[in-house]
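Please open the model in your viewer and keep a selection panel at hand. The stops below move from a single side chain outward to the whole chain.

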Amino acid sequence: DGEFKWDEELQGIILSGFFYGYAAGQLLGGQLAERFGGKIVYGLGTFIAAALTVVSPQCAWISDKLLFAVRLLEGLAEGLAKSVDDRPLRLSSPTFTYNLSPKDNLIYYMK
């Protein structure tokens with residue numbers, strides 16, 4: 001129906017490239033942020049993802065394999081940026097501890 005003569009299987013493969021890269025980027029992003037700093041990793045990840053998004057249509061016209069590679073790298077770059085984006089929330093979340101001694105229980109005082 002569209003401009004490209006891709007069957008459903010090929011469309012699924014091309015679309016899955018982003019998610020494979022995104023998963024790998026999540027794993028690498030935190031480690032790179034620890035090593036080089038969150039601002040650099042977030043900035044580069046966002047910039048690279050944006051640049052690859054701009055060239056994606058041209059890659060689709062050239063080759064479906066090239067588009068898959070670009071989508072994979074795009075997902076990797078966005079995964080890097082997203083993993084750094086979640087890091088401040090994780091580090092600033094309060095931790096709760098509970099004291100389970102009998103005197104801290106309301107039922108203890110009701111006896």
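Begin by selecting Ser56, which is buried with a relative accessible area of 11%, where buried means under 20% relative accessible area, exposed over 50% and partly exposed in between, computed with a 1.4 Å probe and protein chains only. Ser56 lies in helix α2; helices here are DSSP runs of H or I with at least four residues, strands are E runs of at least two, and both are numbered from the N terminus. Not counting residues up to four places away in sequence, Ser56 touches Leu67, Val70 and Glu74, with contact taken as heavy atoms within 4.5 Å.

Before going further, note that this is a predicted model, in which local features need pLDDT of at least 70 and side-chain atom pairs count only at pLDDT 80 or more, while totals for chains, interfaces and linings use all residues. Residues are numbered from 1 along each chain as its sequence is written, and side-chain values use heavy atoms, with hydrogens and water left out.

**Next selection: Glu74 and Arg71**

Move from Ser56 to its contact Glu74, which lies in helix α3 and is buried, with a relative accessible area of 5%. Leaving aside neighbours within four places in sequence, show the residues in contact with Glu74, which are Phe18, Ala49, Leu52, Thr53 and Ser56.

Which side chain meets Glu74 in a salt bridge? Add Arg71 to the selection: the side chains of Arg71 and Glu74 form a salt bridge at 3.9 Å, N to O, the term being used for a side-chain nitrogen of Lys or Arg within 4 Å of a carboxyl oxygen of Asp or Glu. Side chains of opposite charge can pair when their charged atoms come close. Arg71 and Glu74 are separated by about one helical turn, because they are three residues apart in helix α3 (residues 64-92). Arg71 is buried, as is Glu74, and the structure holds one salt bridge.

**Next selection: the nonpolar patch**

Now switch on the surface and select Phe36, Ile40, Leu44, Phe47 and Ile48, which make a nonpolar surface patch of about 520 Å². Patches are made of residues with over 30% relative accessible area and no salt bridge, joined within 9 Å for like charges and within 5 Å for nonpolar side chains (Val, Leu, Ile, Met, Phe, Trp, Tyr). Helix α2 (residues 38-62) supplies the largest share of this patch, four residues. Phe36 is found in helix α1 (residues 8-36) and is partly exposed, with a relative accessible area of 48%.

**Next selection: the annotated spans**

Colour residues 12-29 and 41-63, where UniProt, in an unreviewed entry, places the feature "transmembrane region"; its positions follow the numbering used here, feature names are shortened, and annotations may be inferred rather than shown by experiment. The end C-alpha atoms of residues 12-29 lie 26 Å apart, and that span is 100% helix and 0% strand. For residues 41-63 the end C-alpha atoms lie 29 Å apart, with 96% helix and 0% strand.

**Last stop: the whole chain**

Zoom out and colour by pLDDT, the predictor's confidence in each residue from 0 to 100. The mean pLDDT of the protein is 82, and 75% of its residues reach 70 or more. Confidence is lowest in helix α4 (residues 106-110), at a mean of 50, and highest in α2, at 93. The protein has four helices and zero strands, and buried residues make up 23% of its 111 residues.

Notes:
Accessible areas come from the Shrake-Rupley method with a 1.4 Å probe; for residues, only the protein chains shown count as cover.
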